[in-house]
Amino acid sequence: MKISINRLKDYIPFDHSSEEIAHLLTASGLEVEGMTTYESIKGSLKGVVVGEVVSCEPHPNADKLSLTKVDIGGEIVPIVCGAPNVAKGQKVPVATVGTSLYPNDGKPFEIKKAKIRGEVSQGMICAEDELGLGSSHEGILVLDTDLPNGSPVVKLFDINTTDVLEIGLTPNRADAASHLGVARDLKALLGKALVLPDISDFKVDHEERTINVSVADSGDCPRYAGLTISGLKIGPSPKWLQDYLKALDLDPINNVVDVTNFILHDLGQPLHAFDADKIKGEEIQVKKLPSGTKFITLEGKERKLTGEELMICDREEGLCMAGVLGGLDSGVSETTSSIFLESACFGADIIRKGAQHHGIKTDASFRFERGTDPNMPVFALKRAAMLIKELAGGVISSGITDLYPEPVADFQIPVKFRHIDRLIGKSIDRREIKKILESLDIRVSSETAEGFVALVKPYRVDVTREADIIEEILRIYGFEAIPLEENYQSDFLAEHPEKDLNKLQYRVSEMLAGIGYSEIITNSLTKSSYSEKSSFLDSREDVVILNKLSEDLGVLRQTLLFTGLEVLAHNINRRQKDLKFFEFGSVYSRKKEGYREMKMLSLFMTGNSRHENWMEAVRPVGFPDLYAIVEALLTKLNIHQTEVDVVEDAPYAYGLVLKAGQQEVGRIGLLEGALSKMAEVKQEVYFAELNWNVLAKLARSREKFQEISKFPEVRRDLSLVIDEAVSFDQLRQLSFKAGGKLLKRINVFDVYRGDKVEKGKKAYALSFYLQDDQQTLTDKVIDKTMNKLMAMFENNTGALIRK
């Protein structure tokens with residue numbers, strides 16, 4: 001929602017900067033998300049001054065150019081000009097060197113000192129369109145002024161400039177969806193009086209054209225007001241109104257429609273103007289039309305009504321979808337001479353239902369859906385009628401029709417002082433509380449030593465409980481005015497929310513899908529032959545289905561492996577050989593203690609790591625590819641303290657088992673070829689099966705962040721000759737044990753096996769990255785750390801350090 005600072009000043013005179021106002025509003029709950037500057041003339045003619053042409057001669061090297069000398073106040077500068085009407089003695093607008101111009105057509109440009117056909121030019125004599133003042137480019141703009149040379153040209157033109165606040169309005173603050181609404185908060189924040197528009201001069205000229213109004217259901221339309229204005233002349237709006245609308249990113253249309261838009265954004269009350277000559281039977285009916293009725297809205301689209309929309313109708317047909325959008329033929333046009341001006345309060349539910357069903361979002365529906373002030377329609381109607389008479393002429397040709405059968409009373413909310421003190425955490429002076437509430441138009445009545453009754457006006461649809469009153473007090477008193485204590489106590493204790501396992505699974509699925517994995521969902525029922533022929537499964541633990549659909553679907557699976565392999569086989573048989581799959585699914589087994597069900601996550605990789613392309617040779621997927629994905633998955637879940645052991649048991653030809661303490665997280669590796677062939681898969685398959693129940697238990701929902709160190713990191717390399725049996729994970733754990741907080745990460749950048757090292761040995765080249773978060777590392781500290789690392793490797797792995 002956009003709010004003009006200049007318009008706010010009409011309601012609340014203040015000298016505060018726009019930034020200060022933005023801070024005040026944000027602190028009170030109306031968050032200012034951004035601020036821009038609107039200029040009716042882009043650039044506001046900064047750097048353009050009044051100049052006087054003191055000489056004008058033909059350019060020696062160009063027939064259509066002139067050499068002029070221009071007095072710009074205390075200085076006479078040479079300017080090359082191409083305008084045919086430039087002449088000695090003229091007062092002209094001069095864009096000085098360094099000035100940026102924003103022409104109507106074309107891109108902005110900066111005036112620079114230049115040579116044009118060999119002659120120096122230090123400025124530019126401007127045409128109307130080059131300044132953004134009009135469309136004429138027939139010649140330079142000649143000024144009729146007595147202003148001294150060098151005076152800013154802006155003094156000659158009415159240029160409107162205002163800062164515009166972008167407020168992120170929360171759904172509960174419908175009362176603040178206008179300049180008046182924001183001004184009400186400023187009234188309380190600044191302690192100044194609110195200046196409302198003066199409607200005391202409103203009067204009815206005659207009552208020769210009265211439109212009869214009826215409302216079928218006051219629940220759908222609690223209040224409906226209107227009047228007619230005759231003898232209008234439709235035309236463009238004056239500049240001040242057009243500037244107001246443009247500052248809010250609205251397009252001016254004509255003097256009547258622009259007034260209705262002005263009132264909507266100014267007072268928060270949507271209005272609608274009907275061409276009175278198109279209202280058949282001189283009657284307005286607020287009602288629902290039968291389901292299936294066709295209605296053409298303002299943008300020319302035919303819509304089929306559901307029968308639940310509230311419609312504004314005449315005796316024969318619908319004219320407008322109430323509170324949402326007008327009809328194509330009933331609105332104001334260039335030929336309109338009389339209007340019926342509507343100002344109403346509609347039920348939020350029925351407007352929301354109609355707007356949502358038809359997918360229509362308008363400024364009016366935005367406000368009606370959240371709740372408008374039932375006491376505003378007549379005030380806004382009078383204000384709009386006076387403006388329309390001023391801008392479009394005409395006379396008010398009817399009295400105000402105001403159907404308001406059940407006036408909405410102020411909300412009465414009992415409040416206890418002890419509850420205010422308890423929820424705010426500080427005892428505020430009772431007189432200060434009363435002053436704050438009255439500044440927010442909340443009256444205090446029935447006051448006692450224990451509390452009072454707050455009378456809240458109906459436009460505050462969000463203030464209905466005692467806690468809401470206390471929130472109003474606090475946001476104006478200031479959150480920053482409440483001191484922060486070292487220790488707090490609460491009347492209520494809330495447990496930490498349980499993990500949402502569905503969201504956790506979605507996070508992992510999103511990550512895997514983002515790196516090229518496809519999700520599969522397979523049947524929990526599978527063949528009993530898989531467990532019977534597999535050495536790593538016990539067929540006695542199968543959960544057998546009593547009423548089998550078939551022998552192929554006779555047991556519940558003990559692993560996700562075989563159903564996943566069947567999917568691989570299906571795709572490979574259809575010439576899709578480069579595959580990456582993942583599946584979340586349950587596995588089942590029968591133990592001595594009873595049946596057991598666990599949720600698992602499986603990963604499959606087979607074929608090439610990427611599709612064939614001209615940039616690089618393809619390679620088959622390998623174990624590091626799968627391990628990198630599992631490591632990334634653990635990082636995504638913020639699980640960092642894991643250990644690995646080598647495993648060569650079925651179903652893996654080789655692989656790793658991952659552990660977190662004493663809990664097994666899962667296993668990954670290359671599947672045995674014989675197992676793959678059981679599902680008719682004849683190419684290598686890398687498979688990971690992770691215990692999702694364990695992962696979900698270990699996962700942390702939030703990552704902890706810290707400030708990036710201001711001190712540089714240092715890299716040191718070591719070359720080790722170690723036994724083949726020593727794994728990198730062992731080296732990594734020893735490294736962090738010896739390196740302590742200074743060691744940030746470790747990397748293997750080379751592995752060698754060959755005739756240059758003993759049989760049964762391998763050479764690792766490792767890089768270590770050291771960094772101190774508090775100070776720059778010295779050579780002494782670095783050498784000490786590296787010596788500890790080398791000693792750790794020599795003593796625990798028998799490593800030979802190549803120095």
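In what kind of crossing does helix 18 pass helix 19? The structure is a predicted model, in which local features need pLDDT of at least 70, side-chain atom pairs count only at pLDDT 80 or more, and totals for chains, interfaces and linings use all residues. Residues are numbered from 1 along each chain as its sequence is written, and side-chain values use heavy atoms, with hydrogens and water left out.

The crossing of helix 18 past helix 19 is right-handed (the near helix is turned clockwise from the far one by less than a right angle). Helix 18 spans residues 728–739 and helix 19 residues 779–797; helices are DSSP runs of H or I with at least four residues, numbered from the N terminus. Their axes lie 9 Å apart at an angle of about 140 degrees, with axes fitted to C-alpha atoms over the stretch in contact and angles running from 0 to 180 degrees between N-to-C directions. The two helices are therefore oblique to each other (under 35 degrees counts as roughly parallel, over 145 as roughly antiparallel, 65 to 115 as roughly perpendicular and the rest as oblique). Leu731 and Leu734 are among the residues of helix 18 that meet helix 19, where the partners include Leu789 and Phe793; contact means heavy atoms within 4.5 Å.

A second pair brings together helix 2 (residues 18–27) and helix 3 (residues 179–190), at about 95 degrees and with axes 10 Å apart. Helix 2 and helix 3 are therefore roughly perpendicular. Ile21, Leu24 and Leu25 of helix 2 make the contact with Val182, Leu186, Leu189 and Leu190 of helix 3.
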